[in-house]
Amino acid sequence: MTQELLESMRALRIGRPLVVAIDGPSGSGKSSVSKEVARRLRLAYLDTGAMYRALTWYCVTEGIDLEDGAAVEQASRDFVLELSTSPMEEYVRVGGVDVTDAIREPAISSAVSAVATTLGARTELIRRQRDLIEKHHRRMVVEGRDITTVVAPGAEVRMLLTASEEARLRRRGIQLGGTQNAEQLAAQVTHRDAKDSTVVNFTQAASGVVTLDSSDLDFEQTVDAALVIVTKVLNRD
């Protein structure tokens, strides 16, 4: 049934906008799931979290005080960012420097909330995100924390991907190859979520947003469930 719905949806959306907005907390699996959904639907893919991480890397590298909101906001306008919008390729470059791996380092993970909660910088990155969506003719899977409510509230499909804290900690630990201890994992997942939630709500679905709880689902099951949501929402229109 999923494949039948998928083929039907593809036929309906040829040449038409299809933005799939996916929000969720850290460790919910939204990056890997969103990328695979984009691949199967032949859409562009945008990891907005990588943009905040790239800006954090830039600020740290340039010696910018992350507590200086005006300086961080200015940095968000100044830094030159290139990132892949293909689900088949991953790269992030700042000023021509490949920072794909560097932005995932614990030092950046622990600092990114200071940047993400700087409202001026957030406004600039949201502008860039919207520009990228338009550049791809509004055919893109976009994932982050405020996509369904702020970046793309008019998306054709809006989804909140969530999971239990236990599942999220386990997944993030696997993603990082077992290099982080329990305290470091908690800092990257639950502590960061607590900080970021001061500026955006990504734990409760807004009106019209479909919730997908992946606590008891493996990767393939979660992707399939997400595709079912996409096709059902589109077939309802």
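This report walks through a sheet, two helices that pack on it, and one buried residue.

What you're looking at is a predicted model, where local features need pLDDT of at least 70, side-chain atom pairs count only at pLDDT 80 or more, and totals for chains, interfaces and linings use all residues. Residues are numbered from 1 along each chain as its sequence is written, and side-chain values use heavy atoms, with hydrogens and water left out.

Let's start with the sheet. It is open, with 5 strands in the order 2-6-1-7-8 and parallel pairing. Strand 2 (44-47) and strand 8 (210-213) sit at the edges with a single partner strand each, so one side of each has no neighbour in the sheet. From one strand to the next, the twist averages 20°. Helices (H or I, at least four residues) and strands (E, at least two) are DSSP runs numbered from the N terminus, and two strands pair if DSSP finds at least two bridges between them.

Strand 1 (residues 18-23) and strand 6 (residues 139-144) pair over 6 bridges. Val20's bridge partner in strand 6 is Val141.

Here are two helices that pack on the sheet. Contact means heavy atoms within 4.5 Å; axes are lines fitted to C-alpha atoms, for helices over the stretch in contact, and angles run from 0 to 180 degrees between N-to-C directions.

| Helix | Strands touched | Angle between directions |
|---|---|---|
| Helix 6 (residues 119-135) | strand 1, strand 2, strand 6 | about 155° with strand 6 |
| Helix 10 (residues 219-236) | strand 1, strand 7 (157-162), strand 8 | about 155° with strand 7 |

Now for Glu36, in helix 2 (residues 30-41). Glu36 counts as buried because its relative accessibility is 13%; buried means under 20% relative accessible area, exposed over 50%, partly exposed in between (1.4 Å probe, protein chains only). Leaving aside residues up to four places away in sequence, Glu36 touches Phe219 and Val223.
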